[in-house]
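Thank you all for making time this morning. I would like to walk you through one helix and then a few charged pairs, so please have the sequence and the structure in view.

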Amino acid sequence: MEGLTPALLDRLLAGDADVAVVSCVPADEIDRSRFDLRHLLDERLLVAVSREHRLAGRRTVRLAELADDSFIAGSATAEETLLRASLPSGFRPRIDIVAAEWTGKLGCVAAGLGVALVPALAARGTPADITLLRLRDEDEPVRRVYAATVSGRTGPPAVDRFLTHLTREARRFDRTA
């Protein structure tokens, strides 16, 4: 089941899930007294722009260069989106379109309606009419991705096998990203 990290962690605590793949930025650490976290990878965020966007020919961009652009995000409040990890001092993105699903966000970007931050894990599904730009080092947020389980709770044997498989695949992805 897909969801935001807080909701997925709530599902774990409620016993509705045995494992959740969650993410956080260094400033928003997950409570390790309540959850066992298996680090899978550190993921960078990219900026998705349409092929016609004025910066589409570039390889890297600063967030400040997008100050006049409309952002497409999962919430109208930047602090509740992927942007929270990378807001430079004084930068407030103008979020004009709220779309929960990646297909909707990327469709809006492809149509030239705005720009969006995209996690590297989602980059492989990016349509051909979108350009992905790297953020300059000064702005580049890193999300830590973990497999979370509830501390002290023993799961079924399949959970251990799943975690082993998940860790192996995350390492494989990390080498190809």
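When I speak of packing or touching, I mean a contact, that is, heavy atoms within 4.5 Å; helices (H or I, at least four residues) and strands (E, at least two) are DSSP runs, numbered from the N terminus. Please keep in mind that this is a predicted model, in which local features need pLDDT of at least 70 and side-chain atom pairs count only at pLDDT 80 or more, while totals for chains, interfaces and linings use all residues. Residues are numbered from 1 along each chain as its sequence is written, and side-chain values use heavy atoms, with hydrogens and water left out.

Let me begin with helix H1, residues 5–14, whose buried residues (buried meaning under 20% relative accessible area, exposed over 50%, partly exposed in between, with a 1.4 Å probe and protein chains only) are Thr5, Leu8, Leu9 and Leu12. Looking down the axis of H1, we find these buried residues within an arc of 100°, taken from the directions from the helix axis to the C-beta atoms, so they line one face of the helix. They pack against strand S1 (20–24), strand S2 (35–50) and strand S8 (142–150). The face turned away from that buried side carries the exposed residues Pro6, Asp10 and Ala14, and just after H1 comes Gly15, with a positive phi of about 85°.

Which residues does Thr5 touch, if we do not count those up to four places away in sequence? They are Val22, Ser23 and Ile30, and Thr5 itself is buried because its relative accessible area is 16%.

I turn now to the salt bridges, each a side-chain nitrogen of Lys or Arg within 4 Å of a carboxyl oxygen of Asp or Glu, of which a search of the whole structure finds five. In one of them, the side chains of Arg144 and Glu29 meet at 2.7 Å, N to O. Because Arg144 lies in strand S8 and Glu29 in the loop between S1 and S2, this pair ties together parts that are 115 residues apart in sequence. Arg144 counts as partly exposed at 28% relative accessibility, and Glu29 as partly exposed at 39%.

Another salt bridge joins the side chains of Arg54 and Asp69 at 2.9 Å, N to O. Here Arg54 sits in the loop between S2 and strand S3 (60–61), and Asp69 in the loop between S3 and strand S4 (70–73), 15 residues apart. Arg54 is exposed at 54% relative accessibility, whereas Asp69 is buried at 10%.
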